[in-house]
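Biologist: Could you take me through the aromatic rings in this one, up close? I'd like the cut-offs along the way.

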Amino acid sequence: MNYLVGAFKPPCNIFISFADGRSRKQVPLKKENGKTVMVALFQSQESIVGEVVIEPVHRKKVEHNGVKIELLGQIELYFDRGNFYDFTSLVRELDIPGELYERKTYPFEFSTVEMPYESYNGVNVRLRYILKVTISRNYVGNIVEYQEFVVRNYTPPPSINNIIKMEVGIEDCLHIEFEYSKSKYHLKDVIIGKIYFLLVRIKLKNMDLEIRRRESTGSGPNTYVETETLAKFELMDGAPVRGESIPIRLFLSPYELTPTYQNINNKFSVKYYLNLVLVDEEDRRYFKQQEITMYRLLETS
Amino acid sequence: MLLIGAEDEEKWLAEGIAGVQHNAFYLHRALDSNNLRDALKYSAQMLSELRTSKLSPQKYYELYMRAFDELRILEMFFKDESKHGVSVVDLYELVQHAGNILPRLYLLCTVGSVYIKSKEAPAKELLQDLVEMCHGVQHPIRGLFLRSYLAQISRDKLIDIGSDYEGDADTVMDAVEFILENFTEMNKLWVRMQLEGPGRVREKREKERSALQELVGKNLHVLSQIEGVDLEIYKETVLPRVLEQVVNCKDDLSQYYLMDCIIQVFPDEYHLQTLEMLLAACPQVQPTVDIKTVLSRLMDRLSKYAASSADVLTEFLQVEAFTKLSNAIEKVIEVQVDMPAVGAITLYVSLLTFTLRVHPDRLDYVDQVLGACVKKLSSIPKLEDSRATKQVVALLSAPLEKYNDTVTALKISNYPRVMDHLDNGTNKVMAMVIIESIMKNNTCISTADKVEVLFELIKGLIKDLDSATDELDEEDFKDEQNSVAKLIHMLYNNEPEEMLKIICIVWKHTMAGGPKRLPFTVPSLVFSALRLVRQLQGQEGDIVGEEVPATPKKIFQLLSQMIEALSAVPSPELALRLYLQCAEAANGCDLEYVAYEFFTQVFVLYEEEIANSKAQVTAIHLIIGALQRMNVFSVENRDTLTHKTTGYSARLLKKPDQCRAVYACSHLFWVDGQDGIRDGERVLLCLKRALRIANAAQQMASIARDSSGPVTLFVEILNKYLYYFEKGNKQITAAAIQHLIELINTEMQGDSATSDAFLASTLRYIQFQKQRGGVMGAKFESIKL
């Protein structure tokens, strides 16, 4: 289809820009081709205001059946490629059918848009927001232009944030008690904790703390679960003795984490786990996984 | 945990070093271009080389040092914010992003030290954080090196903090807390090394551990360098905490090293003030710990400290250092049941040395130490261990050396009791040491009591101890007995009465020594007694009545007993000489019958005991010499004796001997002095008789074709003639001399080949007298040569 695009250049160029484009925060977004571009960042309840500029190429007349701009929130499941589920779809008519001779600017505004879900780019699922400008034409195809943007929603710090404390072990072999200071972490948080060795009868080699992300998509028998280890952080080197306590301090900022997503539009969920892994000298692994809740805290710059 | 070949280890080390160098190269590039991200990346990669488990501590140290040098450069970079543009606070977080713990912590420590220096956060919190985070490394070697790095890199900062106080003492405490914490953890890791690996490499492991001990000890060293650590902090915090660790770790290597380290690193006055605490830990260590060396070193240091100034000494008294040390030692010995005797005794030696240095005036302390030692020794069988014996000798020698005055040592009641526990050989050695000490210091032992004690001490030399069947070295025996003989001369009191007592005691002891020893000791004793006799003789005027215990008579009785004892040896020649000495002394005291008795003994000995002709010759000459000087005898007695003597002279075996003895006898009839005997007739008689014998001898010689011996006899006789001629003996005439000279000349002709030097000088003497003129010249004039 590329050659067609090359051969039949669209008769006009469309530019979509945001009213506060200069001041608005830009965040990186990974495109399908692997390239990262900077796009505008919004949050729910914000008004999305901007303008669309249409500029016919070489002052050619463009006939159309109307110009509209849509704001779409889509969930794309990769195993179901090509199918988008639009959970949000707003339309603004920009122009009535007619002809375009010269550059024309259309302002647009979606005020206080409800965007409950965050943009997400996972293994099996993608959630994205786009502005789509369509110039409808007869006989020939519509001229369409997209502008992606990113939505992030901020949560206030949780009022209840319990400590995670647990004693686990293998009878007469290994008893440990671990403690993470919180169960809910914001994305730039630090995991502070401790591991007490109550009984050590096996020769440990080292101990790691892993951050794992579990993404489940689909529902019922078609549920796909994908687990990724996002961080592998060595906590301990060597064999501890009884009574030893090993500190944990893991900064989350270096890792690309998202908030925990619970059943987004019945399509997918993303959950985070802390996995404590102990490895003995025979490379046997002993581990204990604990779910943690991630949330996005409004960053005060 | 396989036994690793050294070759493989070399290879691994080389690989590690290559890895460090490789990453260091990129690190330098990153630093040059102020690229913080790359700097962190490559430094972390470089530090990952330290994660190896394959190297022994020594090799690991090599690798560590390589990385350490690079980290210093990195630290400089971190310090300069203008280069990387990241605040130290952010940097502190940034380095913690590293996934591997070891590189992460090395970097954290590096930034941490910069952070402390910047004072942007309380040092206390940072230090606590660092020391806490290091818990993550539980591998003994890696952990030790990491913590050692922490100690190293924070050291100058800590000393800074400790020194400038900054208004409150808390900062000092923070630094102290930090070091103590780090020290405790390091020690734990160090101790844990011992538990790793199978038993068969235990020895190797201990060696490896020793190589690492300084890493642990360095913490204590740093503590001692912090100025803010005053006595108060040391007493309240530092020492209790360190000792707690020492006691609790239950590891002998660690306990020994750390105790020693404490003693060496901290100032003496601290030790003195915390003595109780320090000593209390000693009995609590493992039985295998060589605590005696530790204590010895402590006492050594303290005694040196005591010597440093007089003011310090009062401190010692205040804290009752001796009592505390003494109790501690007692306790250690009590607790460590398996400690060999040598250990216990070594401890006592150290304590004694300490006492002597610090409290030289406290003899009771010395006694106490020795008493404790006796107690210990009596609880074990006789010492067999040569090292233990050596220590006992050291123990006993110490007071002697210190006091330069053996008398002091004699006052110590436990001294002989310690000696009792020595074996015979050592006992002798010790006795020799005592004697040498006395001789060296020229100590005079002046009372009978002391002499008694002294002889009790050296009884190993005086008599055979129990079953002394062992083969004695003749040389050693002689040396020993000569020493005893020397010692006898050192026993002296100006008071005759006391002196007599001394002599009696010595005699009592020497008598017990048996015939082997008498020849050595009796002469000394005899002369010692004779000295007393002469002394009494000098004061003769003062002696009144028979009540005085020390009279020459009594002494002579004693003397004759002593000499008589020699005959049992038998040692007639020696006895003879001594009798003669006594006779002379009796002569001085005007005790004729005593002197006569002695001479009688001499003759009896001569007749009955002296059979050897050579000995006879010597004896005769001695008798003649002694008798000649006697002036106490009545004419009758003297005649008897001289007659006997001349008789013996003439009956000697060899003619030349006969001849010489006879002409020597001539002197018995011619004594110079005021009331001297001048019996010229008998002198001449003797000389003539000598000539006759010489003649006979010459004839015998010519028959046997002997050498020119007899001529010498003639010349000798000529000399006698000349002597009496000069003395004015009327019976000796110039003509007789002339005649004798001619006789000699005739004899010489037969044997002209040899010119006799003796004769020549005799003739030259006559010539000289002739030419001298005066009375003597006139007298000689008539002699023609």
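Modeller: Here is a walk through the aromatic contacts, with one pair in close-up. This is a predicted model, where local features need pLDDT of at least 70 and side-chain atom pairs count only at pLDDT 80 or more, while totals for chains, interfaces and linings use all residues. Residues are numbered from 1 along each chain as its sequence is written, chains are lettered from A and ligands numbered from 1 in the order in which they are written, and side-chain values use heavy atoms, leaving out hydrogens and water.

Rings of Phe, Tyr and Trp (its six-membered ring) pair if their centres lie within 6.5 Å; planes under 30 degrees apart are stacked, over 60 edge-to-face, and the rest tilted. That rule gives 37 aromatic pairs over all chains. Take B:Y579 and B:F598: they make a tilted pair, with centres 6.0 Å apart and 45° between the planes. B:Y579 sits in helix α30 (residues 572-588) of chain B and B:F598 in helix α31 (residues 592-608) of chain B, so the pair ties together parts 19 residues apart in sequence. Helices here are DSSP runs (H or I, at least four residues), numbered from the N terminus. B:Y579 is buried at 3% relative accessibility, and B:F598 is buried too, at 2%; buried means under 20% relative accessible area (1.4 Å probe, protein chains only).

Elsewhere in chain B, one aromatic cluster takes in B:Y60, B:Y61, B:Y64, B:F68, B:Y106, B:F145 and B:Y149.

Charges join in as well. A charge sits over a ring if NZ of Lys or CZ of Arg is within 6 Å of the ring centre and within 35 degrees of the ring normal. B:R209 lies over the face of B:W190, 4.6 Å from the ring centre, and B:R362 has its charged end over the ring of B:Y365, 4.2 Å from the centre.

How values were computed: Helices (H or I, at least four residues) and strands (E, at least two) are DSSP runs, numbered from the N terminus. Buried means under 20% relative accessible area, exposed over 50%, partly exposed in between (1.4 Å probe, protein chains only).
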